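Grab a pencil and work through a few short exercises on helix geometry. Each one comes with a solution, taken step by step.

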Amino acid sequence: MTGMDTEAPAPPTRRPVRQLLAASVGNAVEWYDWYAYTFLATYIADQVFPESADNSLVPLLSTFAVFAVGFFMRPVGGLLMGAIADRRGRRAALTVTILLMGGSSLLVGLTPTYAAAGVLAPVVLVLARLLQGLSVGGEFAASTTFLVESAGPGRRGLFSSFQYVSTTAGQLVASGIATLLVDTLSEDRMNGWGWRVPFVFGAVLSLVGFWIRQGAQETRSTEQQRAPRPALFEALRRHPRESLLICGITAGGTIAYYTWTSYLPTYAELNAGVAKSDALLAGTISLAFFGLLQPLGGLLSDRFGRRPLLLFFGVGFALLSVPLLHSLHDSFAVLLLVQCAGMVLLTGFTSISAAVNAEVFPPRVRAAGIGFPYSLTVALFGGTAPYVGTLFKDLGHSGLFPWYVAVLCLLSSLVYLRLPETAHKELAR
């Protein structure tokens, strides 16, 4: 680690493809593990949590509650791994996060059933999700900074878009494997061992990500490597306005993102009677479409600025969330159309999120400065989206959830209106 602090990095623009690959492959593996849990939530609920005689939604609610618990470790991961990235280097933090994710994914795959272990089963699952949350929070902080600092002049938006290209790739693999298992295995086999396969596979993939990241270049400048190391809470203490700005930028984006990319298949099952296999297939197709859109959004932001795309996203979701979600019914085609329409709007946020965040903070505390407020906001609004949506359904008010999404996107749009344009300013390193 000491050598990492003193060795000057090669110019980030020399090997941009290698840098993109190092960030993207590891990031895809991280998010594959994270989303496999979401896509297989109904099976995990049946095996790990006890059934309730009064309410069949209790196990599913418990599963999504554990999903939310994992999110609340993300701010801790963003802070701790961001501090490692700012003190020891971006590559060091990226290495730690991929190893943590592999271990936690294996733990999910080996979680005992409630029938076999009783209360120990949900305890093991919660522990695994806490480790995953720690890893993913740190991953965003380090990889966001790494990607944007690796970009050449006028290409920060394009490089930023690969944050969600790789995230989407991980989701696609998770969704594709889940769909394949559901379509080929019987219900008994899925409940018995089929749902465990993706998590064991994720642990193997993490080793591939670890190997690839060993060849990445450090992106901290020589000056930053030689400077005194920042304190753990320095970003929050010295840059409170920037921290609040990250929260405002992220609130609408994260609720829309997790609703459309993670929760919508379950929402369609619960509220529109869509078959489970159809919901997973529609999610897989729309995710592929979403991944293809990301570089286009990044390029547009490099030319026209970040703010127009953010407003396109925020105002679009504020106006269309309710009609889109209310239009769902028992139809694969309608679900696919709703998902793809949302993906177009969502690209205005996701394709440039990394660049916008990195342009807010100075390099000395950039990773930790992004990591904590971003992950805290995601935990509050993104991680709770499946739970809130399912809870509205349980309370008999499922129609309120689309309004919840719309209001948060409207509030973020007000932040975007006052956001200074940074697309064409040089990034401090």
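**Exercise 1.** At what angle do helix α15 and helix α16 pack, and how should we class that angle?

*Solution.* Keep in mind that this is a predicted model. Start with the two elements: α15 covers residues 276-304, and α16 covers residues 306-326. Their axes lie 7 Å apart, at an angle of about 130 degrees. Angles over 145 degrees count as roughly antiparallel and 65 to 115 as roughly perpendicular, with the rest oblique, so α15 is oblique to α16. Now look for the residues that touch: on the α15 side they are G297, L300, S301, D302 and F304, and they meet R306, P308 and L309 of α16.

**Exercise 2.** Work out how α8 sits against α5 and against α6.

*Solution.* Take α5 (residues 74-87) and α8 (residues 120-150) to begin with: their axes come within 6 Å and cross at roughly 45 degrees. The pair is therefore oblique, and the crossing is right-handed. On α5, the contact residues include G77, G78 and G82, while those on α8 include G133, G137 and G138. Alanines take part too, with A85 in α5 and both A141 and A142 in α8.

Next comes α6, residues 90-109, which packs on α8 at about 155 degrees with the axes 8 Å apart. That angle is over 145 degrees, so α6 runs roughly antiparallel to α8. This crossing is left-handed.

**Exercise 3.** What span should helix α17 have, and how far apart are its end C-alpha atoms?

*Solution.* First, count: α17 has 19 residues, 332-350. Second, the expected span is 1.5 Å times one less than the number of residues, so α17 should span 27 Å. Third, compare: the end C-alpha atoms are 25 Å apart, which agrees. While you're on this helix, note that α17 bends by about 30 degrees at V344. Finally, check the N-terminal end, where S331 acts as a cap: one of its side-chain oxygens lies 3.4 Å from the backbone nitrogen of A333.

Technical notes:
Residues numbered from 1 in each chain as written. Predicted model: local features only at pLDDT ≥ 70, side-chain atom pairs only at ≥ 80, totals over all residues. Heavy atoms only, no water. Helix = DSSP H or I, 4+ residues; strand = E, 2+ residues; numbered from the N terminus. Bend = angle between axes of the 7 residues up to and from the residue. Polar contact = N/O pair within 3.5 Å; in protein donor to acceptor, adjacent residues only side chain to side chain. Axes fitted to C-alpha atoms, helices over the stretch in contact; angles between N-to-C directions. Parallel < 35°, antiparallel > 145°, perpendicular 65-115°, else oblique. Left-handed = near helix turned anticlockwise from the far one by under 90°. Contact = heavy atoms within 4.5 Å.
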